[in-house]
Amino acid sequence: MTDMRQLIAGNWKMHGRLAEVAAYAEAIRKAPAHVDILICPPFTLLDRFAAALSSSAVALGAQDCHPTPQGAHTGDISAQMLAETGATHVILGHSERRENHGESNAVVMAKAQAAIAAGLTPIVCVGETEDQRNEGEAEGVVRGQLAHSLPAKFAGVVAYEPIWAIGTGRTPTEADVTTMHATIRTALLAQLGEAGRGIKILYGGSVKPSNAATLLALPEVGGALVGGASLQAEDLLAIAASAPRS
Ligand code: PEP
C-alpha cells in the first residue's frame, strides 16, 4: 500500500437524529491524528454534520447514491448532490443494500462510476454469506464481486465485510481475515494493475474496541468499516486509537 494511514469509517446506517450531531461531532474531532476518520450518517444529517465538522480533519460520507446525476428517480439522491453537502466518500454495495434493495454487482459498478465522476471516493463492500464460507466458496464469491462491482478505472476503497459477521458480534479468525485480504489484494492487482496496490482494504463486521487492535494489525488491513460501534463516539475513538501507526 502506498498510503499506510488507516481509515476508520463509521456507518451509522438508519440511526441518528439531528439533535445528536453537535455532541458527536465535538467528541469525534478529538480523534487521534495517526488515522483518517470518516463518518457516514443518514442523508438527512449530512448537511448538519458538514457544518459541525467544518475545519476538522474528520471526513463525511454517505451510505448510497444513484448511478445517474439527476432525473425522474423518486426518493433517490445523486453523487453530485452528496458532494454538494460536503461529503467526500460514499459507501456502495453494502450487503444490506445488495439484499434489501436487490442491488446487483452491475448496479454497484454504475454507482461507483457515478461517485468517481462526482469527485467522491467510493467504498465498495464485498463479502460472503455464512453458507458460502461453510461451502468453501468465500474467496471465489468475493473475487466475483470485485470483478463485477469495480469499474476498470476504480479509484476508491474496498471493504471486506463477511455478511455473517455484520451486527452479530462474531468475527472471522485472524487467519481467515488475512487470507481474504491477501486474496483481495491479488484480485485488485490483476484487475487494476499497479493502481491496485494503493487501494485500501477495510475489514468490517463486528469491529469493537475490544477486538480492533488485533484486526487492524493484520496484513493488508487498511482500516475498518464500523457499524454499531460507530454510534458512540467514544467507541469509535477507542477503535481509532488502537489502529497501528505507519
Ligand atoms: C456494517 O454494517 O458495515 C458493519 C460493519 O456493522 P457492525 O460493525 O455493526 O457489524
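I'll go through the ligand site and then the two largest pockets of this structure, which is a predicted model.

Start with the ligand. There are 14 residues around the ligand, and those that come nearest are Lys13, His94, Glu161, Gly167 and Ser206. By class, that shell has four nonpolar, eight polar and two charged residues.

Now some individual contacts to ligand oxygen atoms. The side chain of Lys13 places an N or O atom 2.6 Å from an oxygen atom of the ligand. From Ser206 the contact is through the backbone, with an N or O atom at 2.7 Å from a ligand oxygen. Gly227 also uses a backbone N or O atom, here 2.8 Å from an oxygen atom of the ligand. How much of the ligand's accessible area does the protein cover? On its own the ligand has 290 Å², and the protein covers 95% of that.

Next, the pockets. The largest has a volume of about 420 Å³. Its lining has 17 residues, and nearest the centre lie Lys13, Met14, Gln63, Arg97 and His101. You will recognise Lys13 from the ligand contacts. Helix H4, residues 95-100, supplies the largest share of this lining, at three residues. The lining divides into five nonpolar, eight polar and four charged residues.

The second largest pocket holds about 350 Å³ of space. It is lined by 22 residues, with Arg5, Leu7, Val35, Asp36 and Ile37 nearest its centre. Here strand S2, residues 35-40, gives the most to the lining, again with three residues. By class, the lining of this second pocket comes to 12 nonpolar, five polar and five charged residues.

Methods
Residues are numbered from 1 along each chain as its sequence is written. This is a predicted model: local features need pLDDT of at least 70, side-chain atom pairs count only at pLDDT 80 or more; totals for chains, interfaces and linings use all residues. Side-chain values use heavy atoms; hydrogens and water are left out. On a 1 Å grid over the protein atoms alone, a cavity is a set of points where a 1.4 Å probe fits but cannot get out, and a pocket is an open set with protein on both sides within 12 Å along at least five of seven lines; lining residues have an atom within 4 Å of a point. Grid points are joined across faces, edges and corners, and a volume is the space filled by probe spheres set on the points. Helices (H or I, at least four residues) and strands (E, at least two) are DSSP runs, numbered from the N terminus. Ala, Val, Leu, Ile, Met, Phe, Trp, Tyr, Cys and Pro count as nonpolar, Asp, Glu, Lys and Arg as charged, and the others, Gly among them, as polar. A residue is near a molecule or strand if one of its heavy atoms lies within 4 Å of it. A polar contact is a pair of N or O atoms within 3.5 Å; within protein, one must be able to donate a hydrogen and the other to accept it, and residues adjacent in sequence count only if both atoms are side-chain atoms. Accessible areas come from the Shrake-Rupley method with a 1.4 Å probe; for residues, only the protein chains shown count as cover.
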